[in-house]
Number of protein chains: 2
Amino acid sequence: MSRKASKARSITSRDVAALAGVSLMTVSRTLRTPDLVSPATRQRVEMAARELNYVPDLAAGSLSSQRSGHVAVLLPSLRHAGFLRTVDGLSDTLREHGYHLLIGDCYYSVEQQRELLRMLLGRRPEAIVLISGLDSPAAQELLERAAIPVIETWHWPDKPRNRVVGFSQVEVGRSMSESLIAMGHTRIGFLGALGAFDPNGEQRRQGHLAALRNAGLRDDIQSSVGKAPMAIEDGVKGAAQLLDRYPEMQALACASDMTALGVLHECRRRAISVPDQLAIAGFGDFDFARYLQPSLTSVRLPSYRIGQQAAELIIATINGETPPPPSHCNLGFELIHRQSTGHDEQFEAYSSNAPDALPTRGVLPHDE
Amino acid sequence: MSRKASKARSITSRDVAALAGVSLMTVSRTLRTPDLVSPATRQRVEMAARELNYVPDLAAGSLSSQRSGHVAVLLPSLRHAGFLRTVDGLSDTLREHGYHLLIGDCYYSVEQQRELLRMLLGRRPEAIVLISGLDSPAAQELLERAAIPVIETWHWPDKPRNRVVGFSQVEVGRSMSESLIAMGHTRIGFLGALGAFDPNGEQRRQGHLAALRNAGLRDDIQSSVGKAPMAIEDGVKGAAQLLDRYPEMQALACASDMTALGVLHECRRRAISVPDQLAIAGFGDFDFARYLQPSLTSVRLPSYRIGQQAAELIIATINGETPPPPSHCNLGFELIHRQSTGHDEQFEAYSSNAPDALPTRGVLPHDE
DNA sequence: GTATGCGATGATAGCGTTAACACCATTGAT
DNA sequence: ATCAATGGTGTTAACGCTATCATCGCATAC
């Protein structure tokens with residue numbers, strides 16, 4: 001029953017120094033730059049540290065060294081599977097280089113975004129990654145004053161302020177609809193969060209519209225239900241709306257696989273056969289897409305790679321290896337054709353660096 | 001083209017103080033305890049702060065005040081939808097009370113868990129939440145020495161070391177299988193990550209086995225494929241194995257909805273009808289579960305509430321309102337019966353505080 | 001008019017760490 | 001023998017903030 005009820009002050013390097021019989025600095029050196037310490041002393045300090053279960057106070061370290069050792073990421077939602085993978089890519093790569101990731105999830109709210117940004121900057125990150133753009137001018141200004149490297153991802157602005165890693169949202173929208181047109185469909189709809197706050201979805205819609213106009217097809221079949229991130233139920237409602245209003249619709253491009261799943265559901269309820277009566281395409285190639293009945297045509301995104309690439313750029317910048325000119329880093333994407341548009345599984349890769357090159361085609365490798 | 005190329009030192013409270021013509025302390029007070037500052041001064045300081053885009057250095061603040069203002073959470077995977085919701089619950093509730101959440105994702109790796117814990121403790125969190133247990137004794141010791149409140153979630157140990165928030169994993173496994181037995185099935189299998197590292201899954205399996213034994217049924221139909229977190233493909237492979245080996249199997253309880261989806265897929269491939277030839281149950285009630293074909297029987301968990309509740313306990317503890325005796329906080333769970341076990345959608349709630357009470361039954365509210 | 005209290009502000013001393021430099025042996029070169 | 005170079009260690013002064021106490025008016029009480 002030995003319970004130390006004392007308000008335990010935590011162990012500091014001073015305690016370790018005392019136990020090892022050395023100075024504070026030697027403790028710090030042993031942990032940070034062991035090579036500068038003689039083997040004998042080093043061992044003594046290490047033992048003392050282990051003995052006391054010493055955990056250095058990182059805040060104090062950051063303050064003193066003026067290097068926080070972390071990178072912040074600001075994103076609209078962790079629920080979004082793609083963003084989550086980007087976070088994984090960031091986290092993994094940064095960890096390898098000794099950096100830690102601070103995650104700021106602003107739940108698709110502009111106000112929270114600004115406040116969260118302040119909080120993140122308060123931790124003095126050495127760089128910041130934006131997933132999907134920064135929306136308030138106030139936030140923009142905060143970021144500029146912070147004077148740290150900024151990498152934008154997922155968002156694909158025409159003229160980038162900072163370095164950008166991702167893929168062209170417009171091109172995704174365009175190529176998917178071109179693909180549907182090539183299948184012979186002429187009355188093609190789009191289901192996304194139209195009015196709502198989702199610049200990426202809007203860009204894909206623009207691509208979609210461009211494809212229809214280029215082919216001289218009508219472009220009025222759209223619906224806006226819900227807001228980003230689109231949930232399954234939004235797909236159900238959107239599908240209901242579109243099917244009521246445009247019974248002639250032959251194909252439908254959706255804002256995400258979630259939405260598409262809702263559409264599939266509604267089609268089943270109405271006994272509308274997919275893909276015979278309606279072809280359906282999603283976006284994001286979620287885990288479940290290929291296992292649905294029918295399996296879902298979608299767009300596979302380089303989500304993890306985006307994070308990895310962003311982290312690599314950051315490390316390079318911090319190490320001063322790269323000049324920081326704003327630039328696009330296009331990682332491309334793949335259309336995955338499946339049963340919901342009447343195909344066996346096969347992909348069509350829109351590569352990164354050759355926007356005008358013909359897409360590569362092939363059968364999907366069975367190990368995803 | 002005015003570019004400040006200078007290695008910009010960031011704005012400190014000193015700069016704000018100078019601009020506002022007051023002392024450092026007044027700046028600090030204005031931001032932290034505005035009531036103690038006269039309205040005139042306050043306004044002057046606030047204007048100066050805004051003018052300079054001042055963002056206080058939180059590390060310095062923490063160091064000085066000895067209160068970091070954050071809480072850490074250590075979890076096995078952010079990919080797990082339930083854990084993610086718990087994180088949301090934590091984050092939301094803590095934010096309301098002015099705390100921030102540090103997320104540590106250890107990817108189901110014991111080594112990473114220990115290292116990550118060190119790193120988190122290095123930021124001197126005022127409390128720590130464990131999602132799904134702590135696995136190495138070294139980590140246990142670190143935690144004890146840290147002398148901060150610890151809340152365990154999801155994990156449901158028999159004799160808790162700390163406060164625990166969640167639900168009984170054993171009971172989930174037991175009641176699901178009892179439910180399958182009540183439907184008349186006698187040859188019931190279990191598909192989870194058996195050998196692998198997943199104490200929660202193991203507890204559910206124990207509950208499942210208990211149910212079978214109580215009913216005098218055989219309990220040998222199991223398979224272990226993959227490891228936590230179980231992916232869809234693991235479900236496919238596991239189903240293949242079980243169907244080959246136990247063609248007489250009538251019902252199958254799965255480790256997660258992901259796994260169950262894989263099983264559904266394999267059944268479709270083999271033209272095995274669900275639920276007529278095989279009843280299938282998942283775990284977690286993922287978003288897609290009710291929209292599958294057939295819709296998937298599953299277990300709905302209080303994922304968000306777990307986070308919320310844990311955060312509330314933490315706040316209370318920090319404020320010294322509650323004595324910290326180890327205790328269980330059981331939030332219960334619900335069985336959601338759907339087509340994959342031959343039902344229309346309806347639920348069966350296993351409530352929190354009355355383990356022996358009969359479960360509540362009803363029709364699922366259409367708004368989830 | 002002195003005492004008392006209070007509201008507003010400032011001065012000072014840390015918080016736990018590391019950067020920078022100082023110091024002291026020891027070594028090797030001359 | 002003398003000097004410089006070197007490796008190992010300690011000393012000091014920050015880093016940017018806040019806790020604490022001191023100070024200074026000014027109002028109210030007797």
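Modeller: Let's agree on a term: a residue is near a molecule or strand if its C-beta atom, placed from the backbone, lies within 6 Å of it. This is a predicted model, where local features need pLDDT of at least 70, side-chain atom pairs count only at pLDDT 80 or more, and totals for chains, interfaces and linings use all residues. Residues are numbered from 1 along each chain as its sequence is written, while chains are lettered from A and ligands numbered from 1 in the order in which they are written.

Biologist: Thanks! How many residues surround DNA strand C?

Modeller: Both protein chains appear among the closest residues, which are A:T12, A:S13, A:S28, A:S64 and B:S23. The count around DNA strand C is 25.

Biologist: Which element gives the largest share of the surface near DNA strand C?

Modeller: Helices here are DSSP runs (H or I, at least four residues), as strands are (E, at least two), numbered from the N terminus. Chain A supplies two or more residues from each of α1 (13-20), α2 (24-32) and α4 (58-65), and chain B does so from α2 (24-32) and α4 (58-65). The largest share, five residues, comes from α4(A).

Biologist: And which element gives the most to the surface near DNA strand D?

Modeller: Around that strand are 26 residues, with A:S23, B:T12, B:S13, B:S28 and B:S64 the closest. With five residues, the top contributor is α4(B).

Biologist: How many residues of chain B are in contact with chain A?

Modeller: Contact means that two C-beta atoms, placed from the backbone, lie within 7 Å. On the chain A side, 37 residues take part. For chain B, the number is 37.
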